[in-house]
Each structure stands twice: as C-alpha cells, then as structure tokens.
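This report describes one protein model, from its overall make-up down to single residues. The sequence and structure come first.

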Amino acid sequence: MPTTLRQRLAALTESDRTADVVRVLLALIGVLAWCVARNEHAGTVPAMLGVIACALAETDDAWRARLRGLLVTLACFAVAAVTVRQTIALPWLFALALPAGTFILVMLGAVSGRYATIAAATLILSVYTMIASDPSQATGGPWLVTMAMLLGAAWYGLLSLTWSALAPQRALRLSLARLFEALAAQLDVKAALFEPVRDLDRSALDIQLASLSARTVDALNETRTALLDRLGRRQPRGRMAARLRLYFAAQDIHERISSSHYPYEKLADALFHSDIMFRFGRLIRLQAMTCRARADEIRRTLPPGSLALPRHALEDVRSAVQLGAGTRDASIDEALSGLLRNVERLQETLASGNEAAWDTDYALQNPDPPTFGEALARIRVQVTRRSMRFRHAVRLSLGLLAGYLLLLAVHPKHGYWILLTTLFVCQPGYGATRLRLLQRVAGTALGLVAGWTLLHVLPGGDWRLPVVVATGAGFFAFWRRRYTLATATITLFVLLCFDEPGASYDAIAPRLLDTLMGAAVAAAALRFILPDWRGRSLPDLMADALAADAAYLRHIAMQYTRGRHDDLPYRVARRDAHNALAALAGSINQMLAEPAHTRPATEAALRLMTHSQQVLAHLSTLGAHREALPDGPEGAMARRALEQVADGYERLSRLAREGQPLPAADTAWLGSLDAQASQAAGLPRLVGMQALLLAKAQAGFTDIGAASG
C-alpha cells in the first residue's frame, strides 16, 4: 500500500469525526434491521430521528458521565416529546408551550456546556416530533411516534455508552492532539513576528495571534474537561498521569508562546543588520513542527521520545546572541537574554512533555456546578437583559412562536419545516445567523434537488433504505465543519424518511418555501427582538479583561515573592485572563460582521483587541520567568511596581464597567518606573521593564476609549 494512502487511512481512523460517523451508522443500521426483521415499518422513521437527536446531544465524556448525561437526555426528550404530543392538537395551548419550553431549555444551558448541548438537541427532537406527528406525515398510532423516538435515542445512547467503555481514553487522546496542533499553529504566527523587516504589518499578526490563542484556550478547556471526567477523585497513575503532565506542559507552552519581552518592531529596527531575528523565527518554526510531531505521537499512541528537536537551531541562536553581547543597548541585550531563556525552556518542555521540573499542583478546577443550588444560581445570574444567553432565549422563543403562527396562517400541511429552519438558523450573534441562513438555504436547496432527482429517476422500492442510512451518517461527517453539506444530507434524509407515494415529490417546492420563510423569521427575530449588537458589550468585556489581567498579575507577583509554584489558584487566574481575552477577541470578530451603523469605530475596536493581546503578552512574559526575586532594594522595588500596576488595572476595570472616562497616564509615575528598571540588573530589571510596559499600556486604553467614544 502506498505510504500516502496508508497515512490517509491512518488519519481517517484517528479522526475525531470518524467515531461519530461510525456510531451513527451502526445505530441507524440497527434500527433498520430491527424494524425490518419485526415488520415494524411504522416505527422506523421516528426511531431514526431519535438516533439523530441523541447523537446531537452527545458529549465526549467517560462512560460514567455519559451515563448520567444519557439519563438526563432521555428525561428531557421524554418530557419534550410528550408535551408536543399532548398539546399539538390544541393550537392555543401549543402556542403557549412552545416559547415557554424553548426559553427554559436555552436557559438550562447556563448550567454547563454539557447541559447546553442536551438542551439544543431536545429542541431539535421536539421539532422532529412535530414533523412526525403531523397528520400528513404520521405513519402509526398516536403514541407510536413518541415511543419509537425515545427507543431510538435510548438505543444510540446504549451504543455510545458501550463505545465509551471500550475506548475510555480515545476522546482525551484526541483532545490532547488537537491542543498541541493549536499550539503549533500559534507558534507559526509567533515566528512570523520575528521577520527582520521594517514594513511588516505586525498589527495584523497580533490580531491573527489573538484568534489562534482563543482557539488554543478552547482546546485547553476541552482537554481539562476530558481529564476531569476521567480522573474524578482518583490519583492519576500510569498513562493517565502522563497525559495530565502533557496538559500542564501545554499550559506552560501556551504561556511562553503568549509572552512578549520587548516590542518586536523596535527589536527589528535595532537588529536590522543582524541575523538574530531570523534565527529566532527559524527556531520557533522548527519548534512548531516539533509540536505537530508531538500531536501526531499522541494521536497515534506512538512511543514517547522519538521527537526530532531543533538542537542545532537553538545552538545557532545562542551563538548569535552571545556574539554581540555588550555592544548593543542594555535593554536589547536584556530582551534577547529573556527570549533565549524562554525558547530554551520551551524546547525542554517539548522534549519531555512534562512541566513537572517545577513544583506543580496537579489539582484541576471542575467547571460543573457541585450542587443543584449552584446550578440554579448560575441560571439566575443569567436572567438579565445584559446576558447574551437571556437575550437569545427570548429571541429564539418568540421567533419559534412567530414561525408557528406563520405555519398556521399559510402552510399547515408541511409547515413544521419553518420551525426547523428557524431553530437552526437563529444563532446568538448576527454574523453567525447570517452565515447559517445562507448555508441553510443553500444546503436545503441542494438536498431537495438531490431528492427530486432520486425520486424522479429511480422507481419506488427498498433502495431508499441504504440511502437514508448513508445520509443520516453523512450528516455527522459534515456537521461541525461543512454545514451546507450537512444540511443537504439531512434534508435528503428527512425527505426520504417521510416519503409516501408521490408525497415527497409533491412537497419539494413547499419545503423550499418553508425553509425560506423560516430563515426570514430567524433574521427578523435577530433584528427586532432584543438585538444583541456586540459593540454594546465591548465596555463590559474590556472591564472583564482588565479585571482578569489584574488578578493574573497579583498571582504572578506572589510567585516573585515566594518562588515559582504552579498551584491551582495561579493556573485559574492565568486561564481566566486568557478566557477574558478570547471572549473580547471573539466579540470583536463577530462585531465586524454586523452592519456598520450598529458598531463603534472599527479601528478603535481592532486596536483594543491588539492592545489587550499585548498586555496579556507582557503578563505571560512575567509568568514565564517567575521565580523568587532576590532580597534587597531592587527586588522590593520590582515587587512594589507589580502591585502598583495591578492596582491601576483594577481601577481601569472599575471605571470601564461604570462607563466613566479612563484617566490619562501619570507621566511622573512612568518616569519613576523607568528609572527604577534602568538602574536594576538581572531578574529585577526584567520584572521592572515588564512592569513599565504594562504601565504604559494603561494609557493606551485611555486613548482607545477616547477614539471609540
């Protein structure tokens, strides 16, 4: 077998989507085989819809957590299906139950990501129940549809549970691999910042770096959840302990990638006639390749220790830095020394896959609520007009109600496709909704054309059954990355599921019209029902980021007092700072897709994102080099400077949240910090220089606020 083909097959086998597709395929085949063997054709379609809905509610948990999630899923499905069955014959009662149930389910997602996934799948199953319960589509007794859907969901859940028990570490292994791939992509962009040219658009690279850092943060959070789910209260041993160490190593690598020792444009100017910048960039690119090799090693369960490290490239960087030492400006030499130490430690971490050379606390923070009261408290906090979840819950509830009233008015025969389209298209943000609208309409049209062709060209018969199974599995192959194709396959799936002699053929045009009407309802709901323009949330998100930066800096300052220790409070503060920046960057990216009249100055928003990225970069530099400062006046001044800067960021956060103008920079204080840093040496100098850069960055927020004013 050719190497490329073998590699492609291996990649396909280890893909995170392959397992999802195979499970759905086996579940649909099982439903089909059971119904054909027992001649229970009336329950085939509802059971298949139950399989699809339960697969959409699935999360990558270990079997114990997956069992709990399955029980909650089946309970939610049962309540939703019974409610639909009991109220659908009474339009006035159904019109009350539909928005109320939608609001409750969306708000349930505030508890945790697992419950958000279950709630979304429950809404989808509810609409499937409406479609299957429609007299024009019903194929069995009054309760056959409900029972068949629940049995189909339970069958898939049992299959998924067995799969998880047989391969308990697969999801964790793939999460770790995705994490190291995200780190590699971030390293590639980091290397581009070291291009030794003067006209490089480093602002664009900063924006790209912020976006990739947000992706890394998501991967870190996903991996932490997978670890927590499999560890529980047990002490990690063997392979689990090794993977936990890899996770902590990835955290350390991310902190080092995020660091910035000195403004890159000033380094490029000062070292324009030297090859130092080029050598740093080349080394970091090679480290990115090593990171990808580590990801491949994890994904394919290769034996550790086979990584090819760029040792010669590191030696070249050392030689280049040492060659001109003492002939350059002291601040440049200090920055280069810090950079060199940073890439050396990064390479050590990549080599060992273990950050345990430092004193590490292996506790993890569990994001799930510990008690039922805490879960209710999380929901109560979100019940406010300022909450995006609350606004989306109200918007989706009223949008589905409007879609139902439109259904009754113009198209009661096949009109539940209006609700299905509204449910899938109506997203929390304008940009996501607009993109989903276009994808949904295009995918539905493509699926209907394919369905029309099959029904027109091929005679009636059992050929539909394998096509139905294939399209149901194909939906999950495209669900997360190619939504247009996913919509096309699920449209064909539903079209063939509900095919009666001539019924699907005649309903193709009405279903396309229903899709257009549902998309129009979703667009109108987003525009007129509590529109959630992201520009309005920027002050609060900026305040959150500033507060998180201040907390992160205070934990860093404690490490410079007591010595380096990767304890849980420090890691939580670091993660909160990165999460806050990711939320700010994500909101600004979504804002750029909104109409121009709804957003503040675009340039100011982009400056805010890059400026916040630079602040976190300087904090990460302090975090990467943290160790106890020496006793004496220089160490005391450095620690005091960090506390003063943290106080300043807390004050900025409070003023931004209250909508008050941000203060101008205190030039006298900046001058004092500059003098202290210039007089220090060694670690106190590095800390003092980063404190000075952070203090100067405070003034940047004032300028950005005035520009966006």
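What follows covers the chain as a whole, two helix pairs, a set of salt bridges and some buried positions.

**The chain as a whole**

The model is predicted. The protein chain contains 27 helices and zero strands. It has 709 residues, of which 54% count as buried. Among contacts with a separation of 6 or more, 81% join residues that are 24 or more positions apart.

**Helix pairs**

Two packed helices are described by the angle between their axes and the distance between the axes. Helix α23 (residues 568-591) packs against helix α24 (residues 602-624) at an angle of about 165°, and their axes are 10 Å apart. Angles over 145 degrees count as roughly antiparallel, so α23 and α24 are roughly antiparallel to each other. Their crossing is left-handed. On the α23 side the contact is made by Tyr570, Ala577, His578, Leu581, Leu584, Ala585, Ile588, Asn589 and Met591. On the α24 side it is made by Ala605, Leu606, Leu608, Met609, Ser612, Gln613, Leu616, Ser620 and Gly623. The residues of this contact divide into 12 nonpolar, six polar and no charged.

A second pair is formed by α8 and α9, which pack at an angle of about 160° with their axes 9 Å apart. That angle makes α8 roughly antiparallel to α9. The crossing of α8 and α9 is left-handed. The contact of α8 with α9 comprises 16 nonpolar, six polar and six charged residues. Charged residues are therefore present in the contact of α8 with α9, whereas the contact of α23 with α24 has no charged residues.

**Salt bridges**

Side chains of opposite charge can pair when their charged atoms come close. The whole structure has 24 salt bridges. Three of them are listed here, with the distance between the closest N and O atoms.

| Basic residue | Acidic residue | Closest N and O atoms |
|---|---|---|
| Arg66 | Glu58 | 3.0 Å |
| Arg285 | Glu195 | 2.8 Å |
| Arg294 | Glu297 | 2.6 Å |

The salt bridge between Arg285 and Glu195 links distant parts of the chain, with the two positions 90 residues apart in numbering. Arg285 is in helix α12 (residues 276-299), and Glu195 is in the loop between α8 (170-192) and α9 (202-231). Arg285 counts as partly exposed because its relative accessibility is 33%. Glu195, at 31%, also counts as partly exposed.

Arg294 and Glu297 both lie in helix α12, three residues apart, which is about one turn of the helix. An α-helix has 3.6 residues a turn, so residues three or four places apart point the same way. Buried means under 20% relative accessible area. Arg294 is at 4% relative accessibility and therefore counts as buried. Glu297 is buried too, with a relative accessible area of 6%.

Salt bridges that share partners join Asp20, Arg23, Glu58 and Arg66 into one network. Within this network, Arg66 and Glu58 form the salt bridge given in the table. Arg66 has a relative accessibility of 10%, so it counts as buried. Glu58 is at 15% and counts as buried as well.

**Buried positions in helices**

Which residues does Asn342 contact, leaving aside its neighbours within four places in sequence? They are Arg256, Ser259, His261, Ala624 and His625. Asn342 itself is placed in helix α14 (residues 330-352). With a relative accessibility of 4%, Asn342 counts as buried. One of its contacts, Ala624, belongs to helix α24, which spans residues 602-624.

Leu407 is found in helix α16 (residues 388-410). Its relative accessibility is 2%, so Leu407 counts as buried. Leu407 and Trp417 are 10 residues apart in sequence, and their C-alpha atoms are 9.0 Å apart in space.

Trp417 is one of the buried residues of α17. Helix α17 (residues 416-425) is mostly covered, with 10 of its 10 residues buried. The buried residues are Tyr416, Trp417, Ile418, Leu419, Leu420, Thr421, Thr422, Leu423, Phe424 and Val425.

Key: Residues are numbered from 1 along each chain as its sequence is written. This is a predicted model: local features need pLDDT of at least 70, side-chain atom pairs count only at pLDDT 80 or more; totals for chains, interfaces and linings use all residues. Side-chain values use heavy atoms; hydrogens and water are left out. Helices (H or I, at least four residues) and strands (E, at least two) are DSSP runs, numbered from the N terminus. Buried means under 20% relative accessible area, exposed over 50%, partly exposed in between (1.4 Å probe, protein chains only). Contact means heavy atoms within 4.5 Å. Axes are lines fitted to C-alpha atoms, for helices over the stretch in contact, and angles run from 0 to 180 degrees between N-to-C directions. Angles under 35 degrees count as roughly parallel, over 145 as roughly antiparallel, 65 to 115 as roughly perpendicular and the rest as oblique. A crossing is left-handed if the near helix is turned anticlockwise from the far one by less than a right angle, and right-handed if clockwise. A salt bridge is a side-chain nitrogen of Lys or Arg within 4 Å of a carboxyl oxygen of Asp or Glu.
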